[in-house]
Every structure is written in structure tokens, then in C-alpha cells.
Amino acid sequence: MNFRKYFLYNILVLIGIPVAAQTLQKVDTFHTKEDLTHMFLNIEVPAGEMVLQTSGICGTSLSKLFASDAVVKQDIQTKSDQEGNHFQTVRLHAPRSGENKVAPAANLRISEKITSLDTYVDRATHKSEFLADPSMSTDLFVDLGVGESTLDLSGLSLNNVSVNSAFSNVTIHYSQPNQVPMKKMDIHAASADIILQNLEHARAELISIQNDMGETQLIIGNGETPESTIYLQSGVGSCKLLIDKNQPIKLTLKSGFFSTVKVEGSFEKVQKDIYTNEAFNTQKGKCIKIICNIDFGSITVIETE
């Protein structure tokens, strides 16, 4: 049990909430029809642990729910239109703290509706998994409340990605490239830690990351070399950029009066707030552009091998 889960476990026990073992409550399997050309996938999880990854089977996706309380439900709605578009919503229904009735995740959408953390505390821990069809062209929308969320987007066919988190820590990582060029990835957290690993494999034109309060870690490896632009905005917290020395990078680092910037490795300051690494010079301008703006906290850039 990691520290976060241990901390949550003890809080639940102290306030008199029983914590039982998770069991597999439900598995749904979906087979993609041949006449469908594009998927709009919406996943809403107000509390608990969420995992998303490829099913590894072309034409097939699965949804799983692990819970210690049978009152936790997963509602799945699907519909299609005559243009070949498929719309699928996977919505977790979980009881709010002090309530017996079920509260839909739709009522907890995005950070401006947050009133308190207690709104999101679930009576029992639970985990939801979605294994997506890797061959289906997809626009992915994820809304999260509180907990831990891991999105392994390796090998999927994502056109656009939007992730909104209130208090749920978010990890997005790649081990294989996205199968198609991505238009945009948008990530927004109100108060959470964000880890983004090997985003060069997203093959995205634009990646926008906004973390209002929390730690943000961006890891760029020596994989794909797309001409992507990554815009990172941090309110209160720290930003750590771990960049492979062989990946051509152009950095723009903007800091507020109460923030600091530390840059290591082969990066050289070429203009005010602008840095390039040694690999940038050998690629004649083809690079990943990273624009990092922080209000209160620190920016640390580390070159890796």
C-alpha cells in the first residue's frame, strides 16, 4: 500500500467508514461495429482509482468495476449516428460522504463546482478500468473527482484528449506512439499532482497543461520527434522537466516574482527566457517547443540520458 492509499485508508477508518476489500463487480465487453468510423468516449469518475489503457484487441473494448460496496455502480450509455460516429459514456455512480443514495459523476464536473473535499469522499474504495479499442479513431474526454488516475495511452488512435481533474492525481504515460497524429491534448487539474511521461509519443500538435495547485512533472524521452508545442501553466507548486539529451528542445521559461528557475545540462540561454539544448542545434530547428509559466513555485530543468 503506497503512502497516499495508506493516508486515505486511515482517514476513512478515523471517520468511521468501513474499508473492505475490492472485488470485481462487473465486466462489460463492447465490439465495435464495422460501419462505425469514430468514437466520442466520455469517462466520468467522481472518486476512487481509475485506469485506462488499450484492450490490445482491435474492434473490442472492455469496462471493469472493482468495488467493496455493491452500491457503487457503473452506468454505460451508447448511441450512434448515421455519419458513423459512436458516442459512449462510462459514468461511475458513487455515494457521497454521509449519504446512502447514489450521486452521478455528472454533478461533479470540473473544478469550478467544487465546494469541499468531503463532497467527494466515498464510503468505500473502488477502482474502475476501461480498456479501449486501439483501432478506433477516438476523441477522449475524462472527468475526475478525487483519487488516483493512470492513463496509459500507448498504441491508441486518439485524435483529441481532454482530462479534467478536481483532486485526483493524474499520471499519463506512453510506451508506444499514438497510431495517428493527434490534434490536441488538454489537461487541467484544480489541486492535484500531474505526471506526464514520454509525451513525444502523443504525436500531438498542441499539448496544454494547467495545474492550479500541485506538483507537475513532465518527462520527454528520445522517441518520436514531432514538431509539438507543449504549454504548461502552473499556479502554486513546482514544475520539473526531465528531458532526454538527444531530444531537440526549445524552452521558454517564464517565472513570477515569487518563483525560481534552474536549468541543467547542455541548455544555453539564447534570448530572454528562451533556452535550447545541444540536440536542437543538430536538427536545424525541428524540435519540441515547451512553454512553461509559473506564478508561485519553482521550475527545474534536468537533462537525462
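A cavity here is a set of grid points where a 1.4 Å probe fits but cannot get out. With that in mind, let's walk through this predicted model.

**Stop 1: the enclosed spaces**

Rolling a probe the size of a water molecule over the atoms shows where empty space is left. In this structure, four cavities of 30 Å³ or more turn up. Head for the largest cavity, which holds about 100 Å³ of space.

**Stop 2: the lining**

Select Met39, Leu41, Ala132, Asp133 and Thr138: among the 13 residues lining the largest cavity, these lie nearest its centre. Now colour the lining by residue class. You should find nine nonpolar residues, three polar ones and one charged one.

Which strands supply at least two residues each of this lining? Select β2 (38–54), β7 (126–132) and β8 (137–152) to see them. Of the lining, β2 gives the largest share, with three residues.

**Stop 3: strand β17 and its partners**

Next, select residues 288–304, which form strand β17, together with residues 229–244, which form strand β13. How many bridges pair these two strands? There are 15, and the pairing is parallel. For a landmark, show Ile230 and look across to Ile290 in β17, which stands opposite.

Keep β17 on screen and add β14, residues 249–263. These two strands also run parallel, joined by 13 bridges. Here the landmark is a pair of phenylalanines: Phe258 stands opposite Phe296 in β17.

While the strands are displayed, turn on their side chains. In a regular strand the side chains alternate between the two faces of the sheet.

Conventions
Residues are numbered from 1 along each chain as its sequence is written. This is a predicted model: local features need pLDDT of at least 70, side-chain atom pairs count only at pLDDT 80 or more; totals for chains, interfaces and linings use all residues. Side-chain values use heavy atoms; hydrogens and water are left out. On a 1 Å grid over the protein atoms alone, a cavity is a set of points where a 1.4 Å probe fits but cannot get out, and a pocket is an open set with protein on both sides within 12 Å along at least five of seven lines; lining residues have an atom within 4 Å of a point. Grid points are joined across faces, edges and corners, and a volume is the space filled by probe spheres set on the points. Helices (H or I, at least four residues) and strands (E, at least two) are DSSP runs, numbered from the N terminus. Ala, Val, Leu, Ile, Met, Phe, Trp, Tyr, Cys and Pro count as nonpolar, Asp, Glu, Lys and Arg as charged, and the others, Gly among them, as polar. Two strands pair if DSSP finds at least two bridges between them.
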